[in-house]
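Open the model in your viewer and keep the sequence panel in view. The tour moves from one selection to the next and says what is there.

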Amino acid sequence: MTHDEFDDLDRALAALPLEEPPAALRARIMAATVYRAAPEVHAWEVWLIGTLVACGAWLVWAVASAPRAGERLVDAVTQATASAGLTSDYTLLWLAVGVSTAWWISQLTFPSPPRKRIDAR
């Protein structure tokens, strides 16, 4: 199936004078697409922080609105730590050291390998 009835239109469109593209258009397109920097905060991190803030706000509301809820919360945490074996000072110390080490390692940034430049001219 051919569209020969559009040949005149194609020739007319091809004969139109084209305007010059703006200066550094290719560089701006490459900077906005290929060479764009990674986002500072990912979407899952925003959702996680929002969820934690919402849970914390709910907990504060629940403790503030229920009678003696603070005492019951402290008792529940005390029982949970005692049943988990977290009453020893050395256990808590090593737990803090491990969490701190994991956090510091997660904050390390390693240099990425250089990108090969693709020239599409």
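Select E19 to begin; this residue of the predicted model sits in the loop between α1 and α2, the latter covering residues 25-32. Is E19 buried or exposed? Its relative accessibility is 76%, so E19 counts as exposed, the cut-off for that class being over 50%. Now add Q107 to the selection and draw a distance between the two C-alpha atoms. E19 and Q107 are 88 residues apart along the chain, and their C-alpha atoms are separated by 49 Å.

Stay in the loop between α1 and α2 and select A24, which also lies there. Look at the backbone here: A24 is not a glycine, yet its phi is positive, at about 60°.

Next, step back to helix α1, residues 7-15, and show the side chains of D8 and R11. What joins these two side chains? They meet in a salt bridge, with 2.5 Å from N to O; this is within the 4 Å that the term requires. Both residues belong to α1 and are 3 residues apart, about one turn of the helix. Turn on the surface to check how each partner is placed. D8 has 55% relative accessibility and therefore counts as exposed. R11 is exposed too, with a relative accessible area of 53%. There is no second pair of this kind to look for, as the count of salt bridges comes to 1.

Now go to R68, in the loop between α3 (43-65) and α4 (69-84). R68 has a positive phi, near 55°, in a residue other than glycine. At 64% relative accessibility, R68 counts as exposed.

Finally, select the helices on either side of that loop, α3 and α4. Two packed helices are described by the angle between their axes and the distance between the axes. For α3 and α4 the angle is about 120° and the axes are 7 Å apart. Which word describes how α3 and α4 lie to each other? They are oblique, because an angle of about 120° falls outside the ranges for roughly parallel, roughly perpendicular and roughly antiparallel.

To see where the two helices meet, show these side chains:

- from α3: L59, A62 and V63
- from α4: A69, G70 and L73

Coloured by class, the contact of α3 with α4 shows 5 nonpolar residues, 1 polar residue and no charged residues. The polar one is G70, since Gly is counted in the polar class.

Terms used: Residues are numbered from 1 along each chain as its sequence is written. This is a predicted model: local features need pLDDT of at least 70, side-chain atom pairs count only at pLDDT 80 or more; totals for chains, interfaces and linings use all residues. Side-chain values use heavy atoms; hydrogens and water are left out. Helices (H or I, at least four residues) and strands (E, at least two) are DSSP runs, numbered from the N terminus. Buried means under 20% relative accessible area, exposed over 50%, partly exposed in between (1.4 Å probe, protein chains only). Axes are lines fitted to C-alpha atoms, for helices over the stretch in contact, and angles run from 0 to 180 degrees between N-to-C directions. Angles under 35 degrees count as roughly parallel, over 145 as roughly antiparallel, 65 to 115 as roughly perpendicular and the rest as oblique. Contact means heavy atoms within 4.5 Å.
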